[in-house]
Amino acid sequence: MGFWNAVATDAAAYFELEETVTMEDRANIRWRFNFGDGNSVRGVNLMRVRDGKIVEALGYAKSPGQAAPLPEAAKT
């Protein structure tokens, strides 16, 4: 939880939506997470919705050979 709190409160970091594709009760959402000095990580979320609520959510990120660094607040 500390990681997501740090991501949400980092004023320099932001998500950029690249594409959303919906098919009946499913959605594929491609995004780019920008952080630090021009660094970014691309990823995708796969969602399934029932009765207007998310019932399944899978998220994947692609990074070039190493994991994205944690925001400073998440390391403590």
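## A hairpin to start

Strands β3 and β4 form a hairpin, with 2 residues between them. In that turn, Asp51 has a positive phi of about 55°. The two strands run antiparallel, and 9 bridges join them. One pairing to look for is Gly43, which stands opposite Ala61 in β4.

This is a predicted model. Keep that in mind as you look around the structure.

## The overall plan

What does the secondary structure come to? The protein has 2 helices and 4 strands. From the N terminus on, the elements run α-β-β-β-β-α.

The chain has 76 residues, and 18% of them count as buried. The protein exposes about 5900 Å². Carbon and sulfur atoms supply 54% of that area. Now take contacts between residues at least 6 apart in sequence: 18% of these join residues at least 24 apart.

## The sheet

The 4 strands make an open sheet in the order β1-β2-β3-β4, with antiparallel pairing. Which strands stand at the edges? They are β1 (14-23) and β4 (53-62). Each has a single partner strand, so one side of each is left without a neighbour in the sheet. From one strand to the next, the twist averages 20°.

What holds such strands side by side? Strands of a sheet pair through backbone hydrogen bonds, either parallel or antiparallel.

## Strands β2 and β3

Strand β2 covers residues 26-35, and strand β3 covers residues 39-50. They run antiparallel and are joined by 10 bridges. These two strands also form a hairpin, here with 3 residues between them. Gly36 lies in the turn and has a positive phi of about 60°.

Two pairings place arginine opposite arginine. Arg32 stands opposite Arg42 in β3. Arg26 has Arg48 in β3 as its bridge partner.

## Arg26 and Arg48 up close

Is Arg48 buried or exposed? Arg48, in strand β3, has a relative accessible area of 19%. The cut-off for buried is under 20%, so Arg48 counts as buried. Leave aside its neighbours within four places in sequence. Arg48 is then in contact with Asp25, Arg26, Lys53, Ile54, Val55 and Glu56.

Its bridge partner Arg26 sits in strand β2. At 43% relative accessibility, Arg26 counts as partly exposed, because that value falls between the 20% and 50% cut-offs. Which residues does Arg26 touch, again leaving aside neighbours within four places in sequence? Its contacts are Val21, Met47, Arg48 and Glu56. Glu56 is thus listed as a contact of Arg26 and of Arg48.

Met47 shows how the fold brings separate parts of the chain together. Arg26 and Met47 are 21 residues apart in sequence. In space, their C-alpha atoms are 5.6 Å apart.

## A nonpolar patch on the surface

Finally, turn to the surface. Which residues make the nonpolar patch there? They are Phe3, Trp4 and Phe15, and the patch covers about 340 Å².

Phe3 belongs to helix α1, which spans residues 2-9. Phe3 is partly exposed, with a relative accessible area of 30%. Phe15 falls within the range of edge strand β1 (14-23).

Note on methods: Residues numbered from 1 in each chain as written. Predicted model: local features only at pLDDT ≥ 70, side-chain atom pairs only at ≥ 80, totals over all residues. Heavy atoms only, no water. Patch = residues over 30% accessible without salt bridge, like charges linked within 9 Å, V, L, I, M, F, W, Y side chains within 5 Å. Areas by Shrake-Rupley, 256 points an atom, 1.4 Å probe, with all protein chains shown as cover. Salt bridge = Lys/Arg side-chain N within 4 Å of Asp/Glu carboxyl O. Buried < 20%, exposed > 50% of the residue type's maximum accessible area, 1.4 Å probe, protein only. Pairing = 2+ DSSP bridges. Axes fitted to C-alpha atoms, helices over the stretch in contact; angles between N-to-C directions. Contact = heavy atoms within 4.5 Å.
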